[in-house]
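Ready for a walk through a protein chain? Have the sequence and the 3D view open, and look up each residue as it comes along.

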Amino acid sequence: MYLLKVDPRALVENPDHSRQTKSTPQADALLLASIKAVGIVQPPVVSQQADGGNGFLINAGRRRVRLAIAAGLEEIDVLVDDPANDNGAMRSFVENIAREPLNPVDQWRAIERLVALGWTEEAIGVALTLPVRQVRKLRLLANVLPAMLDHMAKGDMPDERQLRTIAAASPDEQKEVWKKHKPSKADPQVSWWSVAQALTKARMYARHASFGDDLAQAYGIQWVEDLFAPADEDSRYTTDVEAFLGAQQEWMTANLPKKGIIAEATNYGEVKLPPKAERVYGKPSKSDCTAMYLDRDGRVQTVHYRMPAAKKAKGKGASAGNDAADETGAISKPRPDVTRKGVEMIGDFRTDALHEALARAPIEDDALMALLILAFAGQNVSVASASAGTYYGNRRIARHAVNLFDQEGQLVLDNDALRVAARSILAEVLSCRENRTDSGIVARVAGDVVGADNFLPNMGSDDFLSCLSRGALEGSCKDTPVLPRQKVKDTRAALVEHFKDGRFVHPAALFAPDKTALLSWIASNAVAEDDESDELVEDGEDGGEAADDEAFREAAE
């Protein structure tokens, strides 16, 4: 290393400098005044260009060189050093940290640049006297969306917990959330709490799992290490909640003790025991029963309870030894083939397909009128009996009926207009969604009549197939070249690939209703001619007309 006087304008800026965040105008003004008064106290460090050039590359002191040019200095002293193998990346990193700590954004970028140049995480930790865990933590934060990083470099930083949540999310998820929460001119500050809240995912930790590696592999569970957790605890977790709970459920089934049941938990996380069961808080006896359940964190919990002794039956026909204490109560139902989310998705698929069929599929006039009657029999329709002289309908339905009138207020009995109005009203009324708009079994009948099965979308997606149990997923492989895999995740991926260019409809999504349920609905709603038990709404003084459901409730009361 030797000292040399050079023209600062001849120096070449190193593209791999560590401090990429711009300095403030106040700091530049102070350094410029110091250079004009006493010159550059500590010479910048440069090295010969390694790409065949004759100039010198700035390794340290880029800001001093820039302000020396601004001060009008013709020559400055520089220290010429040998070129580094990594183009001075590590030297620049260390020099900047020694002068003034880099902000986290520049640290992330510097470490990623060193890794790209061949540095290992252990070597970076030794050179910077940082724990390897800290280096890995910074590398994880390098997964933050570049737009977020640019804003953080301005000084608006989230706290460590929020950073952990943001970095754990995928780039696409970060991009969507950033669109909603990015700063504006009116509000330049970012609500990092809102950003982290939008990216928060439920985590199931390995330390809470009762199952082993075999079930974890069977359910396709991939553990991810939480680098921000304390180093002395098992911080592995997964965000695949369905797979975690399924593995826990299978473990409980395989390890259920004698006289034991798998119970459900309440909304407050408490166990739901069989009726009349008395929970045992002390040491259980041999005659007591065991209940296993999953708490809010997905952990397997075990409680003991006892059933009350049955009263002895009187009479000669009374059987002896009928002791209710030996009964464990009702055992909880096994996991259904389709989860609640899957049922809701099927309801959405059915509704969209039904509406598309009502708009496009050929429907005969007699079937159209029959469907119209079925639509108003739906459980999501608030209509009082017309025989009582009172009708309470939805204003959205009325807007389709006005299209049947001309400008003079005359009803135009045009078949085309009637068909359009009838289809629109059916689409307004009939619904298969799993919410308060569900029309019930009549919507299933309507979809079967108009052939809405042909309008159901391809359900061979990862989003829907993840809602199926192992048995239902393997059953979906029937009539396909896909063979069930050892891992549920692999079977699902193979089905998604197979149906990528095709169409798959789960049998549970078909519109045709169960015959027993349909006959039961017909029987429960059949009314004899002399049956007058149904309550009718009496007309009010204003003729019984009402504009909304509130008026209907008032009239009914």
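Here is a short tour, from the whole chain down to single rings.

## The whole chain

First things first: what you see is a predicted model. The protein chain has 557 residues, and 37% of them count as buried. Its secondary structure consists of 22 helices and 14 strands.

Now think about which residues touch. Among contacts in the protein chain with a separation of 6 or more, 72% are between residues 24 or more positions apart. As for the outside, the accessible surface of the protein chain is about 33,400 Å², and carbon and sulfur atoms make up 51% of that.

## Strand 5 and its partners

Go to strand 5, which covers residues 76-81. Strand 1 (residues 2-6) pairs with strand 5 in the antiparallel sense, with five bridges between them. If you want one spot to look at, take L4: its bridge partner in strand 5 is V78.

Strand 5 also pairs with strand 3 (residues 45-48), but here the sense is parallel and there are three bridges. To find this pairing, look for V45, whose bridge partner in strand 5 is L79.

## Helix 2 and the glycine after it

Helix 2 spans residues 62-70, and within helix 2 the residues R64, V65, L67 and A68 are buried. Just after helix 2 comes G72, with a positive phi of about 85°.

## A sheet of three strands

Which order do the strands of the open three-stranded sheet take? The order is 6-8-7, and the pairing is antiparallel. Strand 6 and strand 7 are at the edges with a single partner strand each, so each has one side without a neighbour in the sheet.

Strand 7 is joined to strand 8 (residues 236-238) by two bridges, and these strands run antiparallel. Look across from V224 and you find Y237 in strand 8.

## Rings that pair up

How many aromatic pairs does a search of the whole structure find? The search turns up seven. One of them is W178 with W192: the ring centres are 5.9 Å apart and the planes are at 20°, so this pair counts as stacked. W178 belongs to helix 9 (residues 171-181) and W192 to helix 10 (residues 192-199), so the pair ties together parts 14 residues apart in sequence. Both W178 and W192 are buried.

Another stacked pair is F211 and W223, which counts as stacked because the ring centres are 6.4 Å apart and the planes are at 15°. F211 is in the loop between strand 6 (204-205) and helix 11 (213-218), while W223 is in the loop between helix 11 and strand 7 (224-225), so this pair links parts 12 residues apart in sequence. F211 has 8% relative accessibility, so F211 counts as buried. W223 has 23% relative accessibility, so W223 counts as partly exposed. Add F244 to F211 and W223, and you have one aromatic cluster.

## Charges over rings

Rings can have charged neighbours here too: the charged end of R207 sits over the ring of Y205, at 4.3 Å from its centre. Then there is R470, which lies over the face of Y219, 5.7 Å from the ring centre.

How values were computed: Residues numbered from 1 in each chain as written. Predicted model: local features only at pLDDT ≥ 70, side-chain atom pairs only at ≥ 80, totals over all residues. Heavy atoms only, no water. Buried < 20%, exposed > 50% of the residue type's maximum accessible area, 1.4 Å probe, protein only. Helix = DSSP H or I, 4+ residues; strand = E, 2+ residues; numbered from the N terminus. Phe/Tyr/Trp six-rings, centres within 6.5 Å; stacked < 30°, edge-to-face > 60°. Lys NZ or Arg CZ within 6 Å of the ring centre and 35° of its normal. Contact = heavy atoms within 4.5 Å. Areas by Shrake-Rupley, 256 points an atom, 1.4 Å probe, with all protein chains shown as cover. Pairing = 2+ DSSP bridges.
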